[in-house]
Amino acid sequence: MLNNQVLWKSLVAAPTKFPTLSAEVTTDVCVIGAGFTGLSAAIHLAEAGYTVTVLEAAEVGAGGSGRNVGLVNAGTWAQPDELNQYLGEKVGEKLTAALAEAPRLVFDLIDRLGIDAQDHRTGNLHMAHNAEGERDVEVRYAQLRRRGADVELLTGDKCHEYCGTRSIQKALLDRRAGTVNPYAYVTGLAQAAQKLPVNIYENSPVTGIVQQQQQQWCVQSKQGQVLADKVIIATNAYTEGEWTEILKTIYFVKYYQIATTPLSGPVADRILPYKNGSWDTRLALSSIRRDKDGRLLLGTVGDYQTNPAIYLRWANLMLQKYFPDLKPQGWQYQWSGQFGFTSDHIMRLFEPAPGIVAATAFNGRGITTGTLVGKAFADYLQADDPEKLPLPLVDLAGNKVAFRRARSLFYDCGITLYHAGQCLKIVA
């Protein structure tokens, strides 16, 4: 039976539940959003001796942090040299270097805080699906090697062995990377934060932020409020309400995932035998990974709810294309989420008012980017030093996306048509 539920939640014992804000709380820093970014910031601030309160509109892990693919990747979608063209060499290299260390930051937090994130640290694979894709991974490999990254270009039998398919002839293995159960990671961060202690309130959506006397901020919710010297807005693609303009700096891209029942046997064991995460070079990429119980997960950009039959057919097609020896499998879970997107695939950091910082547009790299940005915001608010940030702060008004709702709709429609073309074997 195919359940429209997030698989990751079923693999985690009952997480800690947190109360709803129902009074006035005074704190040094108020963090809005209990995802990777907000909880990373809260933990690093609390460890530095600050009092921290986190407000979450729903429940921890209900948004993108709990719906993620779970790839702990280094870098951005853009190649390092492209970042330098967009940002300038100094800023581009700084961002590339910071994100190169981001997987280590994630895994170090998991170890230091004792989180059972169901993680694997064997690297991830960028799989070239055709000749153009092979050229792309070759260029990425060369650029990363120039910067000292621990990457390898796999070809021939070794490529087939790692990927578990003979449909891929060349792949880039990034040994810095790995995988987690994203829901286990984010709920683990929340449990660790609570012990520091950080005050976390669920089902407490923010309705406004008002400046009080003496530069203090009042963060308002329906049943209570938080008085804070500093505020971190860490809601990204799951920002709700009209209290902030940051939502206008991104447009939404949906991401679909589907998981088989647990697999076993010689054929299944050949698929990603080293537990790597992977994704291919298609225009509408396919992500492929395993979970702790041996399920095979496929994912792709797009909103499956617009046409579920096309996405289910797409999943069957990809399964057959990459793993033709695998007997037809029953699908068990399917779900979707969304991420904040920009046309240049680069995140934005803002300071919309003194004492308030915000981040958007992680472009599908939320685990590492969010964890890194959360720590960077914590460092910045302590030192008031912009050099602590991986990117310069930019003007919010100058980074608004024109026709953002139309862009999201156009993107979703285009991707659905692309997948329909794949199913009809019109496009590769």
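A crossing of two helices is called left-handed if the near helix is turned anticlockwise from the far one by less than a right angle, and right-handed if it is turned clockwise. Keep that in mind for the helix close-ups below, and remember that this is a predicted model.

**View 1. Helix 2 passes helix 12 in a right-handed crossing.**
Here the two helix axes are 7 Å apart and the packing angle is about 40 degrees. Helix 2 and helix 12 are therefore oblique to each other. On the helix 2 side, look for Phe36, Thr37, Ser40, Ala41, His44 and Leu45. They meet a set of helix 12 residues that includes Gly366, Ile367, Gly370, Val373 and Ala378. Sort the residues of this contact by class and you get six nonpolar, eight polar and one charged.

**View 2. Helix 2 also packs with helix 6, and this crossing is left-handed.**
The axes of helix 2 and helix 6 lie 13 Å apart, at an angle of about 60 degrees. That makes helix 2 oblique to helix 6. Ile43, His44 and Glu47 are the helix 2 residues to find, and they meet Leu105, Leu109, Arg112 and Leu113 of helix 6. The class count for this contact is four nonpolar, one polar and two charged residues.

**View 3. Helix 4 and helix 5 make a right-handed crossing.**
Helix 4 covers residues 80-87, and its axis comes within 7 Å of the helix 5 axis, crossing at roughly 140 degrees. Helix 4 and helix 5 are therefore oblique to each other. From helix 4, Pro80, Leu83, Asn84 and Leu87 take part. Their partners in helix 5 are Glu89, Val91, Gly92, Glu93, Leu95 and Thr96. Split by class, that gives five nonpolar, three polar and two charged residues.

**View 4. Step inside the largest nonpolar core, which has 54 residues.**
Tyr185, Ile200 and Ile232 have the most contacts inside this core. Several elements give two or more residues to the core, among them strand 1 (24-32), helix 2 (36-47), helix 9 (182-194) and strand 18 (356-360). Which element gives the largest share? That's helix 12, with eight residues. Apart from this core lies another one, of 42 residues, including Leu71, Cys163, Leu263 and Trp331.

**View 5. Zoom in on isoleucine 200 and threonine 187.**
Setting aside residues up to four places away in sequence, isoleucine 200 touches Phe18, Pro19, Leu39, Val54, Val60, Ala190 and Ala193. Threonine 187 is found in helix 9. Is threonine 187 buried or exposed? Its relative accessible area is 5%, so threonine 187 is buried, the cut-off being under 20%. Not counting residues up to four places away, threonine 187 touches Val12, Pro15 and Val60.

**View 6. Asparagine 3 sits in the segment before helix 1 (7-10).**
Asparagine 3 is in contact with Gln332, Tyr333 and Gln334, leaving aside its neighbours within four places in sequence. Now find alanine 259, which is 256 residues away from asparagine 3 along the chain. The C-alpha atoms of these two residues are separated by 9.8 Å.

**View 7. Serine 167 lies in the loop between helix 8 (156-163) and strand 6 (170-174).**
With 31% relative accessibility, serine 167 counts as partly exposed. Serine 167 touches Lys321 and Tyr322, again not counting residues up to four places away in sequence. How far apart in space are serine 167 and proline 19? From C-alpha to C-alpha it's 50 Å, and in sequence the two are 148 residues apart.

**View 8. Three loops have backbone features to look at.**
Most residues other than glycine have a negative phi, and most peptide bonds are trans. The peptide bond from leucine 196 to proline 197, though, is cis, with omega near 10 degrees. Proline 197 lies in the loop between helix 9 and strand 8 (199-201). Leucine 272 isn't a glycine, yet it has a positive phi of about 45 degrees. You'll find leucine 272 in the loop between helix 10 (266-269) and strand 13 (277-280), and it is buried, with a relative accessible area of 1%. Asparagine 363 isn't a glycine either, and its phi is positive too, at about 55 degrees. Asparagine 363 belongs to the loop between strand 18 and helix 12, and it is buried, with a relative accessible area of 1%.

How values were computed: Residues are numbered from 1 along each chain as its sequence is written. This is a predicted model: local features need pLDDT of at least 70, side-chain atom pairs count only at pLDDT 80 or more; totals for chains, interfaces and linings use all residues. Side-chain values use heavy atoms; hydrogens and water are left out. A nonpolar core is a set of buried Ala, Val, Leu, Ile, Met, Phe, Trp, Tyr and Cys residues joined through side-chain atoms within 4.5 Å. Buried means under 20% relative accessible area, exposed over 50%, partly exposed in between (1.4 Å probe, protein chains only). Helices (H or I, at least four residues) and strands (E, at least two) are DSSP runs, numbered from the N terminus. Contact means heavy atoms within 4.5 Å. Axes are lines fitted to C-alpha atoms, for helices over the stretch in contact, and angles run from 0 to 180 degrees between N-to-C directions. Angles under 35 degrees count as roughly parallel, over 145 as roughly antiparallel, 65 to 115 as roughly perpendicular and the rest as oblique. Ala, Val, Leu, Ile, Met, Phe, Trp, Tyr, Cys and Pro count as nonpolar, Asp, Glu, Lys and Arg as charged, and the others, Gly among them, as polar.
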